[in-house]
Amino acid sequence: MSSDAVQIIEPLSGPLSGTATVPGDKSISHRAVLFSAMAEGTSQLSGVLDSQDVRSSMSAVAQLGAKVNLSVQSDGSLAGTVEGWGAAGPAQPSAPIDCGNSGTTVRLLMGILAPWPITVTLDGDSSLRRRPMRRITAPLMKMGAKFAPAGQELLPITETGTPALRAITYDAPMASAQLKTAVLLAGVFAEGTTTVNEPAPSRNHTELMLPEFGVATTAATRTASVTGPSALEASTVHVPGDPSSAAFLAAAALLKPGSSICIKNVSLNPARIGFLRTLERMGANVEERHEGQEGKEPNGSITVSYTPHLRGCEIPAQHIASLIDEIPVLALVAAHAHGVTVFKEVGELRVKETDRLAAIIEGLELLGVDAWEEGNNLLIEGNPQLQVPEGLVFDSHGDHRLAMTWALAGLCGNQPVGVRDFGAVAVSYPRFLEDIERLER
């Protein structure tokens, strides 16, 4: 879909009901593919998210010599095998690696490539070329990897790894699972113990998954370590549903009168369900039920029902990392709540797929909702009587989370809305609209 195309989203004709599943978790899918590529032997993967971002990781590791044999299943997920390069290491690619729109792909690859004596140019689309990379290259340079041009913040960047990688203890300036993972993956091959300390907890999928691939990992709140040199061994990974995708279905049920849905087989990793804690504080009728584990990842179901009276709340800085990707949709929920909602210290939103902070404020203004920045805080004054004005066209800015958020304004509102570049949803949730329509009675 061209970036000028506008998709018209019609209001739902009735409430949402029944059960749904969401696509595989994007963070876990990336790691399953990348760790399998690093491992000795052939790993079995299932439930993998079929999206543009995950396919960027698949094509990247194939270029580096892994044999990726994943195919689309009847439920739309990917399953099959990945044969890793193991002790032989990644092959020297013949061309630059294009990571598309995927920050996870490029940042984790930087750590994966650091221990190997090859030179690789990493690049991406125009959006990825605007995202900050020095946060990743700085600690990896301390370990001995080289990046050219030196000190470069933006892609394309050329990396040359070294087998003589040094273990480090790194105090990360921000809570970032991508930064933490890049350093830990390099540390697997460094002599000694590599530790990353963080100012607030970030997603811990890497610490939960590395032991599944035979790498002992120690982890506690805001710190994680690996001791090298070690090696990854092939594993079997089933990817649970993505809580970030579930948040959009949950918001739809919350805002559409008469709705009640159950979302099954979702990752309930505490580092990923900050959005549920926030919805509870807003008075939303939500409930989670733990039903088992995939490896060390807890999963289960989320039940959500229409809640007529929502109230604003404050989300403190230390909880932001657990809901950073859900802030656009939580902002839309906050727009319907009574009182002011404050998201503290969300400056990280400015360097996502687009400047999400500016885009959220711009979209809420179209709806007639007051939203503003104070320093790095986002404030939203809700309106429980919110009515969608006629003829609105929202701009997704090519960002999948914004495309789904503004679609919900139309689906749960009283007027059709247009969403420019709605096709961006393919990055994480290609079947988003179909899943909503399936839940409509």
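The largest cavity holds about 30 Å³ of space, a cavity being a set of points on a 1 Å grid over the protein atoms alone where a 1.4 Å probe fits but cannot get out, and its volume being the space filled by probe spheres set on points that are joined across faces, edges and corners. The model is predicted, so that local features need pLDDT of at least 70 and side-chain atom pairs count only at pLDDT 80 or more, while totals for chains, interfaces and linings use all residues. Residues are numbered from 1 along each chain as its sequence is written, and side-chain values use heavy atoms, with hydrogens and water left out.

A search of the whole structure finds 1 cavity of 30 Å³ or more. Its lining consists of Ala-247, Ala-251, Phe-275, Leu-279, Glu-326, Val-329, Leu-330 and Val-333, where a lining residue has an atom within 4 Å of a point. Helix 7, helix 8 (274-281) and helix 9 (327-335) each supply at least two of these residues, and helix 9 gives the most, with 3; helices (H or I, at least four residues) and strands (E, at least two) are DSSP runs numbered from the N terminus.

The largest pocket has a volume of about 690 Å³, a pocket being an open set with protein on both sides within 12 Å along at least five of seven lines. Of the 41 residues that line this pocket, Ala-175, Ser-176, Ile-324, Glu-348 and Lys-352 are the closest to its centre. Helix 1 (26-38) contributes the largest share of the lining, 4 residues.

The largest nonpolar core has 78 residues, among which Ile-327, Leu-364, Leu-367, Leu-408 and Phe-432 touch the most other members; such a core is a set of buried Ala, Val, Leu, Ile, Met, Phe, Trp, Tyr and Cys residues joined through side-chain atoms within 4.5 Å, and buried means under 20% relative accessible area with a 1.4 Å probe and protein chains only. Helix 7 (residues 243-255) gives the most to this core, with 10 residues. Leaving aside neighbours within four places in sequence, Ile-327 is in contact (heavy atoms within 4.5 Å) with Ile-320, Phe-343, Val-346, Leu-349, Ile-360 and Leu-378.

Of these partners, Ile-360 is one of the buried residues of helix 10 (residues 356-366), and the buried residues of that helix pack against helix 9, strand 20, strand 21, strand 22 (393-395) and helix 11 (400-411). Asp-355 caps the N-terminal end of helix 10, with a side-chain oxygen 3.2 Å from the backbone nitrogen of Leu-357, and the helix is followed by Gly-368, whose phi is positive, near 80°.

Strand 21 (residues 377-381) is mostly covered, with 4 of its 5 residues buried. Its pairings are listed below, two strands being paired if DSSP finds at least two bridges between them.

| Partner of strand 21 | Sense | Bridges | Bridge partner of Ile-380 |
|---|---|---|---|
| Strand 19 (residues 340-343) | antiparallel | 4 bridges | Thr-341 |
| Strand 20 (residues 370-374) | antiparallel | 5 bridges | Ala-371 |

Strands 20 and 21 form a hairpin with 2 residues between them, and Gly-375 in the turn has a positive phi of about 65°.

Elsewhere, Ser-77 lies in the loop between strand 4 (67-72) and strand 5 (78-83), and counts as buried because its relative accessibility is 11%. Its side chain is joined to that of Asp-75 by a polar contact of 2.7 Å, a polar contact being a pair of N or O atoms within 3.5 Å of which, within protein, one must be able to donate a hydrogen and the other to accept it, and residues adjacent in sequence count only if both atoms are side-chain atoms.

Methods. Buried means under 20% relative accessible area, exposed over 50%, partly exposed in between (1.4 Å probe, protein chains only).
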